Amino acid sequence: MSRRPTLATIWLDGCSGCHMSFLDMDERLLEVAARADLVYSPLVDAKVYPESVDIVLVEGAVSTDEDMARIRLVRSRTKILVALGDCAVTTNVPGMRNVFADAQPLFERAYVDNVTVNLGMPSKGLPRHLPKTLPVHKVVKVDVFLPGCPPSADLIFDTVVALLDGRVPETATRARFGR
Ligand code: SF4
């Protein structure tokens with residue numbers, strides 16, 4: 001990486017816990033900020049994923065057509081993609097719905113059966129759910145898997161620093177790194 005490295009994070013079908021763990025790096029965030037520019041993230045105000053990103057941390061599984069489009073765009077614009085946390089790596093919590101052939105009864109349970117206020121399925125502005133929730137590597141190539149629910153701040157820090165150093169992270173499972 002000849003220019004100053006760029007870092008991004010995105011959030012698909014996850015609970016934000018992985019991003020909370022990212023923030024738990026605390027003062028070490030300053031070390032990361034001293035070495036890389038955070039160019040896109042729920043934590044910053046950028047609206048469009050940049051054309052060329054060095055490292056992205058991806059929280060969450062791929063559950064909707066919107067998630068699918070986002071992760072494909074991110075993959076096409078990023079050198080190193082890290083699956084951050086068990087939802088991204090295995091589907092974890094959002095994948096629990098995969099035991100059902102159809103997600104519709106779950107929505108009715110959530111929006112009709114178990115509510116007393118604003119009862120009814122929302123009808124506007126919702127992305128279409130895929131037949132099954134998918135781990136990120138089933139949709140795009142993943143370079144580094146970082147498991148945990150959430151991965152610890154130490155693990156995230158060690159991984160980001162290793163990648164900025166151009167090293168394979170010792171703490172993460174390597175997968176097709178260095179393409
Ligand atoms: Fe939340 Fe755990 Fe999934 Fe991270 S891996 S998004 S902490 S449920």
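Helices and strands are DSSP runs, of at least four residues for a helix (H or I) and at least two for a strand (E), and they are numbered from the N terminus. With that numbering, P150 can be placed in the loop between β7, residues 144–146, and α6, residues 153–165. The tour returns to P150 below.

**Before selecting anything**

The structure on the screen is a predicted model. Colour the protein by pLDDT: the mean is 92, and 94% of the residues reach 70 or more. Then select residues 175–179, where pLDDT stays under 50. For this stretch the model has 18 contacts beyond four places in sequence.

**Stop 1: the ligand**

Select the ligand, which sits in the second largest pocket. Which residues are around the ligand? Display G14, C15, G17, C18, E59, G85, D86, C87, N92, G148, C149 and P150. Sorted by type, the residues of this shell comprise 5 nonpolar, 5 polar and 2 charged. Two helices deserve a colour of their own here: α1, covering residues 17–23, and α4, covering residues 86–90, each supply at least two residues of the shell.

**Stop 2: E59, from the shell into the protein**

Keep the ligand visible and select E59, one of the residues around the ligand. E59 belongs to strand β3, which covers residues 53–59. Is E59 buried or exposed? E59 is buried, because its relative accessible area of 1% is under 20%.

Next, show the residues that E59 contacts, leaving aside its neighbours within four places in sequence. They are I10, W11, L12, G14, C15, S16, G17, C18, H19, L84 and A88. G14, C15, G17 and C18 also belong to the residues around the ligand. For a distance exercise, draw a line from the C-alpha atom of E59 to that of A34: the two residues are 25 apart along the chain, and the separation is 23 Å.

**Stop 3: S16, a contact of E59**

Move to S16, in the loop between β1 and α1. S16 is buried, with a relative accessible area of 15%. Once neighbours within four places in sequence are set aside, S16 is in contact with W11 and E59.

**Stop 4: T6, in strand β1**

Follow the chain back to T6, in strand β1, which covers residues 6–11. T6 is also buried, at a relative accessible area of 10%. Now select D54 as well: T6 and D54 lie 48 residues apart along the chain, yet their C-alpha atoms are separated by 5.2 Å. D54 is among the contacts of T6 beyond four places in sequence, together with D37, V39, S52, V53 and I55.

**Stop 5: R77, between α3 and β5**

Select R77, in the loop that joins α3, residues 65–76, to β5, residues 78–84. Which residues does R77 touch, not counting those up to four places away in sequence? They are V48, Y49, P50, E51, S52 and V53. From C-alpha to C-alpha, R77 and V56 are 9.7 Å apart, with their positions 21 residues apart in sequence.

**Stop 6: backbone geometry**

Most residues other than glycine have a negative phi, and most peptide bonds are trans. The next selections depart from those patterns.

Return first to P150 and display the peptide bond from C149 to P150, which is cis, with omega near -5°. Both C149 and P150 are among the residues around the ligand.

Then select T91, in the loop between α4 and α5, the latter helix covering residues 104–113. Phi of T91 is positive, near 90°. T91 is buried, because its relative accessibility of 7% is under 20%.

Step on to N92, in the loop between α4 and α5. Phi of N92 is near 50°, again a positive value in a residue other than glycine. N92 is partly exposed, because its relative accessible area of 24% falls between 20% and 50%. N92 is also one of the residues around the ligand.

**Stop 7: V99, at the surface**

Finish with V99, in the loop between α4 and α5. V99 counts as exposed, because its relative accessibility of 71% is over 50%. Add K132 to the selection: V99 and K132 lie 33 residues apart along the chain, and their C-alpha atoms are separated by 8.9 Å.

How values were computed: Residues are numbered from 1 along each chain as its sequence is written. This is a predicted model: local features need pLDDT of at least 70, side-chain atom pairs count only at pLDDT 80 or more; totals for chains, interfaces and linings use all residues. Side-chain values use heavy atoms; hydrogens and water are left out. A residue is near a molecule or strand if one of its heavy atoms lies within 4 Å of it. On a 1 Å grid over the protein atoms alone, a cavity is a set of points where a 1.4 Å probe fits but cannot get out, and a pocket is an open set with protein on both sides within 12 Å along at least five of seven lines; lining residues have an atom within 4 Å of a point. A molecule sits in a cavity or pocket if more than half of its atoms lie within 2 Å of its grid points. Ala, Val, Leu, Ile, Met, Phe, Trp, Tyr, Cys and Pro count as nonpolar, Asp, Glu, Lys and Arg as charged, and the others, Gly among them, as polar. pLDDT is the predictor's confidence in each residue, from 0 to 100. Contact means heavy atoms within 4.5 Å. Buried means under 20% relative accessible area, exposed over 50%, partly exposed in between (1.4 Å probe, protein chains only).
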